[in-house]
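Colleague: I would like a close look at one part of this model, followed outward into its surroundings.

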Amino acid sequence: MLKPDTKTITLLYVAGILALPFLLNASALGGYWRFDDGYLLDFASRFSPRDYFLDPAITRGYSLNNLTPFNPLIFDLNLGLFGFNPTGFYLQHLATLAACGIASFFLLRLWTPASLAFLGSVCFLAGAPTLFVAQQLMVGHYIAGLLFAIVATYCYAQSLLRQDWRLALAGTLFYVLASTCKEIYFPLPFVILFLNLGDWRVRLLHALPMFFWSCSYLVWRT
């Protein structure tokens, strides 16, 4: 384990990461509805989370080829908070990006010094793909899924370091959320087995709750 940072140093790094998405993407706050936003607003305003999470007909009505109920949920929650004011939607969008950067910092901090973990987060937030999605509300579920996947990986890593099953279960909860955002996060348990933390048999045991959800997800999707 690396030497822990002082609270002041950690807070400074976190504050810098929090501010960066808003500084780099300030123009998004002046954006209006774009691309698929109109369709998502209409869908979210007509159906409830229970509908698009649990009713197959409505879920398929949203997307025939994907199982991504978290996307209309984001629009549903923002409609409740901000009405049809797009500025609030973009604020939430950028705040989720910032949370991804902060979560990345703490995950990278398990293996690297704070300065390098901060640099890694900055590279992610300043990268061309991130700057591109910052302007598109319709891909908010990718960002939310990434946040949940990072937190799931962090919880899993901590469960190995502390030998605490409760953290493994917490990681599974975030994996469940990530998989409802987008299918690309489904393979996460197969990836985290390669983390260089402890014996491979222990890593497998702590990943079993995630694999249980992987099987359940396949049934749900079918």
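With which residue does Glu 183 form a salt bridge, and how far apart are the closest N and O atoms?

Modeller: The model is a predicted one, and what follows should be read in that light. In it, Glu 183 forms a salt bridge with Lys 182, and the closest N and O atoms of this pair are 3.7 Å apart. Both Glu 183 and Lys 182 are buried; Glu 183 counts as buried because its relative accessibility is 18%, which falls under the 20% cut-off. Glu 183 also forms a salt bridge with Arg 221, where the closest N and O atoms are 2.8 Å apart. This second pair links distant parts of the chain, since Arg 221 belongs to helix α12 while Glu 183 sits in the loop between α10 and α11, with 38 residues separating the two. Arg 221, for its part, is partly exposed, with a relative accessible area of 38%. Through shared partners, the salt bridges join Lys 182, Glu 183 and Arg 221 into one network.

The structure holds five salt bridges, and another of them brings together the side chains of Arg 166 and Asp 164, at 3.1 Å from N to O. The two partners are placed unlike each other with respect to the surface, for Arg 166 counts as exposed at 66% relative accessibility, whereas Asp 164 is buried, with a relative accessible area of 18%.

Helix α12, which carries Arg 221, also gives the most to a nonpolar patch on the surface, contributing four residues. The patch is formed by Trp 165, Trp 200, Leu 204, Leu 205 and Leu 208, which together have about 510 Å² of accessible area. Of these, Trp 165 lies in helix α10, residues 165–181, and is partly exposed, with a relative accessible area of 41%.

Helix α10 spans residues 165–181, and at position 181 there is a cysteine that counts as buried at 0% relative accessibility. The sulfur of Cys 181 is 10.0 Å from the closest cysteine sulfur, that of Cys 100, and is therefore too far away for a bond. A search of the whole structure finds zero disulfides. Cys 155 is likewise in no disulfide, the nearest cysteine sulfur, again that of Cys 100, being 14 Å away; Cys 155 is buried, with a relative accessible area of 10%.

Cys 181 also leads to the interior, as it is among the residues in contact with Phe 70, along with Phe 53, Ala 144, Phe 148, Leu 177 and Thr 180, when neighbours of Phe 70 within four places in sequence are left aside. In soluble globular proteins, nonpolar side chains tend to be buried together. Here the largest nonpolar core has 51 residues, and those with the most contacts inside it are Phe 70, Phe 75, Phe 89 and Tyr 156. Helix α9, residues 140–162, supplies the largest share of this core, namely ten residues. Apart from it lies another core, of eight residues, including Leu 20, Phe 105, Ala 117 and Leu 125.

Phe 89 also touches a polar residue: with neighbours within four places in sequence again left aside, Asn 78 is in contact with Gly 83, Phe 89 and Gln 92. Asn 78 lies in helix α5, residues 70–82, and is buried, with a relative accessible area of 3%.

How values were computed
Residues numbered from 1 in each chain as written. Predicted model: local features only at pLDDT ≥ 70, side-chain atom pairs only at ≥ 80, totals over all residues. Heavy atoms only, no water. Buried < 20%, exposed > 50% of the residue type's maximum accessible area, 1.4 Å probe, protein only. Contact = heavy atoms within 4.5 Å. Core = buried A, V, L, I, M, F, W, Y, C linked by side-chain atoms within 4.5 Å. Patch = residues over 30% accessible without salt bridge, like charges linked within 9 Å, V, L, I, M, F, W, Y side chains within 5 Å. Areas by Shrake-Rupley, 256 points an atom, 1.4 Å probe, with all protein chains shown as cover. Salt bridge = Lys/Arg side-chain N within 4 Å of Asp/Glu carboxyl O. Disulfide = S-S within 2.5 Å.
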